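Q: Could you take a close look at the aromatic rings in this one and walk me through how they are arranged?

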Amino acid sequence: YNLEKALDTPAKIYYKFEGNNPSGSHKLNSAIAQAYYAKEQGLTSLTTETGAGQWGTALAEACSYFGLPLTVFMVKVSYEQKPFRKAVMQTFDADVIPSPSTTTEVGRKILAENPNTTGSLIGLESKKAMEILGEYPDVVIGCAGGGSNLGGLIAPFMQDKLTGKANPRIVAVEPASCPSLTRGKYAYDYC
């Protein structure tokens, strides 16, 4: 809201707010509609994926409200590192499975070739959105908590930086109350 004016800067600042709801992000807004229409179409269950767990949590909450069973395939490293997210999804009766997993043929193949696979989507979406706007960021700022948000966001921009296509400044931010990069005891807090 007029942050550029308050800072007296010609820069255009784009901000994505992900707070103020149980799933921890804006994703519940979409999840409610998707679960509602799935129920209206006569679907008897849903299956989805989640990275760090926000989408899975949002859809689990929505499916629980509409009485739809949900299976969530959660990125394996997040499944192992974020038991709280998994527990919240399970509280809403979701079946949470680490991905890749042995429950699918492709999962078994991936695990056989590389048992520690990870990926990124948020950065590709962000880059595409900026392209649609005809913009390219001078600075990319991401939240550094567990790392999946930051890593996913910066990956395509870091690729441009490393290949010499562009030179965005990459900034990781952390909460002062529980810093994970700059100070404090290095330990997992099970959140």
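A: Start with Y36, Y37, Y65 and F66, which form one aromatic cluster in this predicted model. Within that group, Y36 and Y37 pair edge-to-face, with 5.0 Å from centre to centre and 75 degrees between the planes. Y36 is partly exposed, at a relative accessible area of 34%. The structure holds 4 aromatic pairs, and another one of them is Y136 with F157. That pair is edge-to-face too: the centres are 5.8 Å apart and the planes make 70 degrees. Here the partners come from distant parts of the chain, 21 residues apart. Y136 sits in the loop between α7 (122–133) and β4 (139–143), while F157 belongs to helix α8 (residues 148–163). How buried or exposed is each ring? Y136 counts as partly exposed, with 34% relative accessibility, but F157 is buried at 2%.

There's also a ring with a charge sitting on it: K86 lies over the face of Y79, 4.0 Å from the ring centre. K86 is one of the buried residues of helix α5 (residues 83–91), alongside R85, V88 and M89. Looking down the axis of α5, these buried residues fall within an arc of 160 degrees, so they line one face of the helix. As a general rule, an α-helix has 3.6 residues a turn, so residues three or four places apart point the same way. The cover over the buried residues of α5 includes β1 (46–50), α3 (54–66), β2 (70–75), α4 (76–81) and β3 (95–99). Just after α5, D93 takes a positive phi of about 70 degrees.

Note on methods
Residues are numbered from 1 along each chain as its sequence is written. This is a predicted model: local features need pLDDT of at least 70, side-chain atom pairs count only at pLDDT 80 or more; totals for chains, interfaces and linings use all residues. Side-chain values use heavy atoms; hydrogens and water are left out. Buried means under 20% relative accessible area, exposed over 50%, partly exposed in between (1.4 Å probe, protein chains only). Helices (H or I, at least four residues) and strands (E, at least two) are DSSP runs, numbered from the N terminus. The arc is that of the directions from the helix axis to the C-beta atoms. Contact means heavy atoms within 4.5 Å. Rings of Phe, Tyr and Trp (its six-membered ring) pair if their centres lie within 6.5 Å; planes under 30 degrees apart count as stacked, over 60 as edge-to-face and the rest as tilted. A charge sits over a ring if NZ of Lys or CZ of Arg is within 6 Å of the ring centre and within 35 degrees of the ring normal.
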